[in-house]
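Me: I am new to this structure. Please show me how to read it, starting with the ligand.

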Amino acid sequence: MDKLVIRGGHRISGSITASGSKNASLPIIAATLLTGQGTFTLHNIPDLKDILTFSQLLHHLGVETSYSGNTLKVSSRNVESLQAPYELVKKMRASIYVLGPLLARFGHARVSLPGGCAFGPRPIDLHLLAMEKLGAKITIETGFIDATAPGGRLRGAHIDFPISSVGATGNAVMAAVLAEGRTTISNAAAEPEIDTLCKFLMAMGATIKGTGTTELEIEGTDSLNAVEFQNVFDRIEAGTLLAAAAITGGDITVNGVEPEQLKAVLKKFVQAGCSVETTLNSVTLKSPRKLLPTDVTAKPYPAFPTDMQAQWIALMTQAEGTSNITDKVYHERFNHIPELNRLGAHIEIRKNQAIVHGPQKLSGTTVMSTDLRASASLVLAGLVAEGTTEVLRVYHLDRGYEKIEVKLNSLGADISREKYNEF
Ligand code: UD1
């Protein structure tokens, strides 16, 4: 296995370009299943473990892909299987994204139930609710979701999500674009990744109104076409790099980002005392002499993202005072806290709230990654910790951060990747 060995105490400063968005790439790649006509050319797809896992799932279904220089070519002409097996789904919950497109195009899909997750229960009931509203008959047997569209085609319907879900909205939209008639979705996820998916589907020939909002209206069509598409940049990676500069007292420019997508996060950096300047596609952050404490609540977009919660907690360990960080999306997403405390942080957990008592001098030790963003928070802490921090099980980090140590080293960090045997 790989670990990151971080020699702390170096300022993260300079200029860097964000990678393509992982969470936008996954539904876009799934949406290529909606048509067998032509070959898709998808640009700015990050070179990540999750993208590889998703490509393996598509290969299993009979889809052809080739990947080079962040461009993924996909042809879904010869789909031979409508079944997503447990061996692949268990590696990545986002595999559920194949349900909507397969059902919409072929009238049938079998997808293994995804199972548990490192930060609490992550049900899929809203995905199933959306498919059922669109007319699908669903049974769950032997660990599989078996979904069939009577007569071979889904029918437009009104879907009112009781809570905002990125994945369920993505699946619902992908299913609705090939359904017969009109679909309306209330309380849709407005996250930029879903907006990007909708723009991709519109480029393929779908008719969608309200993209980027919580109310969507989709006019079903008979067929869609393969297209060339430029993926958006990764707002969470960008936010993490900004936090890396802020925690080490550095100054950074992150290029490629759309600052509007980071508005809630940038507002908190300003409250923490950072100076933030934006252009149409870049953010420049200058660190203050002393970081200030902030209260943050993670909620669906456009609020502060749950995917930045762990990194923000790491940052607030260095702020002069007490910060309260609440997660209203995932109430139990706090696996990073015991590990941050092992590095010397003083953080308490009360229900879905972390109380961070700063500033604390961190000192390097060996810590364990438990999930993607938790790992990112440990790397941030390692950058500022005295001595050497070893972050084990970096495969979690590799799922969502492209060449993270290479990027951070180019900005002044001292990180090496080394092999180790866990047992
Ligand atoms: C996506 C992101 C993930 C991010 C999350 C919230 C991808 C691949 N992953 O995950 O990084 O942290 O959005 O921004 O894009 N829920 C249900 N039933 C469902 C589905 C979800 O109750 O059927 C709940 C979840 O438990 C959670 C909330 O809804 O409390 C939001 O989850 P959701 O937006 O669906 O997250 P994902 O799409 O899985």
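Reply: We take the ligand's surroundings, then one helix. This is a predicted model, in which local features need pLDDT of at least 70, side-chain atom pairs count only at pLDDT 80 or more, and totals for chains, interfaces and linings use all residues. Residues are numbered from 1 along each chain as its sequence is written, and side-chain values use heavy atoms, with hydrogens and water left out.

Me: Which residues come nearest to the ligand?

Reply: A residue is near a molecule if one of its heavy atoms lies within 4 Å of it. Here 20 residues surround the ligand, and Asp125, Ser165, Val166, Asp307 and Val329 come nearest.

Me: Which polar side-chain atom lies 2.6 Å from a ligand oxygen?

Reply: A polar contact is a pair of N or O atoms within 3.5 Å; within protein, one must be able to donate a hydrogen and the other to accept it, and residues adjacent in sequence count only if both atoms are side-chain atoms. The atom belongs to Ser165. Tyr330 also has a side-chain N or O atom 2.9 Å from a ligand oxygen. Leu126 uses a backbone N or O atom, at 2.7 Å.

Me: Is α6 mostly covered or mostly open, and how many of its residues are buried?

Reply: Helices are DSSP runs (H or I, at least four residues), numbered from the N terminus. Buried means under 20% relative accessible area (1.4 Å probe, protein chains only). α6 is mostly covered, with 10 of its 11 residues buried. Among them are Gly167, Asn171 and Met174. At the start of α6, a side-chain oxygen of Ser165 comes within 3.0 Å of the backbone nitrogen of Ala168.

Methods. Buried < 20%, exposed > 50% of the residue type's maximum accessible area, 1.4 Å probe, protein only. Helix = DSSP H or I, 4+ residues; strand = E, 2+ residues; numbered from the N terminus.
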